[in-house]
Amino acid sequence: MDLLQDLQDHGVFVCAGARPTAEELSAARERRDAFYHRLIGEGDTMWARGHSFREISDLHRRAAIGLGVEREWAYVPMRLNDCPACGEKVKQGVAVCKHCGAILDAEKAAQHGLGLGAKNSAGQAAPGARAKSNSSASGQK
Ligand SMILES: [Zn+2]
């Protein structure tokens, strides 16, 4: 009955009647949650071993997301864009290129005290210092 057990783990279940009863549904949910917990345990182990996103399968990720568990490994690696100024990879949605300092999103940059908009707001930290702290805070691996 290993195969059946596996199917049940994946959310497929066999019910006695034509429609699943509430008990059958909640039992299926419990089994799925138990399965998810097991996957999260596996994910933790794999992550601890190599911190490699490649080892973590979509199933593991789905388990963490499904249970609303916060895991570093559950996040899909950031998509990267090419900086139009220097061609280096930069995260999507960032205001400033961390490599060459080009303003990629003027509006957002201004909000962070960078770029043209920053000149209007007195009392802001020096743009250079801001940029530095931003890039280290969002440091990628
Ligand atoms: Zn750049």
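A helix axis here is a line fitted to C-alpha atoms, over the stretch in contact, and the angle between two axes runs from 0 to 180 degrees between their N-to-C directions. Keep that in mind as you look at this predicted model, because two packed helices are described by the angle between their axes and the distance between the axes. In this briefing the pair to follow is α2 and α3, whose axes come within 8 Å and cross at roughly 120°.

**The whole chain**

- The protein chain has 5 helices and 2 strands.
- If you walk along the chain from the N terminus, you meet the elements in the order α-α-α-β-β-α-α.
- Of the 141 residues in the protein chain, 11% are buried.
- Take the contacts between residues at least 6 apart in sequence: 18% of them join residues at least 24 apart.

**The buried side of α3**

- Helix α3 spans residues 58-66, and its buried residues are His60, Ala63 and Ala64.
- These residues lie on the same side of α3, because they cover an arc of only 95° around the axis.
- The general idea is handy here: an α-helix has 3.6 residues a turn, so residues three or four places apart point the same way.
- What do the buried residues of α3 pack against? Their partner is α2, which covers residues 22-50.

**How α2 and α3 meet**

- With a crossing angle of roughly 120°, α2 and α3 are oblique to each other, because that angle falls between the roughly perpendicular range of 65 to 115 degrees and the roughly antiparallel range over 145.
- The crossing in which α2 passes α3 is left-handed.
- On the α2 side, the residues that take part are Tyr36, Leu39, Ile40, Glu42 and Gly43.
- On the α3 side, they meet Leu59, His60, Ala63, Ala64 and Gly66.
- Sorted by class, this contact of α2 with α3 has 6 nonpolar, 3 polar and 1 charged residues.
- His60, Ala63 and Ala64 are worth finding in the structure: they are buried in α3 and they also belong to the contact with α2.

**Before and after α3**

- Which loop holds His51? His51 sits in the loop between α2 and α3.
- His51 has a positive phi of about 50°, although it is not a glycine.
- Is His51 buried or exposed? His51 counts as exposed because it has 11 C-beta neighbours inside 10 Å, and the cut-off for exposed is 12 or fewer.
- Just after α3 comes Gly68, which takes a positive phi of about 65°.

Notes: Residues are numbered from 1 along each chain as its sequence is written. This is a predicted model: local features need pLDDT of at least 70, side-chain atom pairs count only at pLDDT 80 or more; totals for chains, interfaces and linings use all residues. A residue is buried if 20 or more other C-beta atoms lie within 10 Å of its own, exposed if 12 or fewer, and partly exposed in between; C-beta atoms are placed from the backbone. Helices (H or I, at least four residues) and strands (E, at least two) are DSSP runs, numbered from the N terminus. The arc is that of the directions from the helix axis to the C-beta atoms. Two residues are in contact if their C-beta atoms, placed from the backbone, lie within 7 Å. Angles under 35 degrees count as roughly parallel, over 145 as roughly antiparallel, 65 to 115 as roughly perpendicular and the rest as oblique. A crossing is left-handed if the near helix is turned anticlockwise from the far one by less than a right angle, and right-handed if clockwise. Ala, Val, Leu, Ile, Met, Phe, Trp, Tyr, Cys and Pro count as nonpolar, Asp, Glu, Lys and Arg as charged, and the others, Gly among them, as polar.
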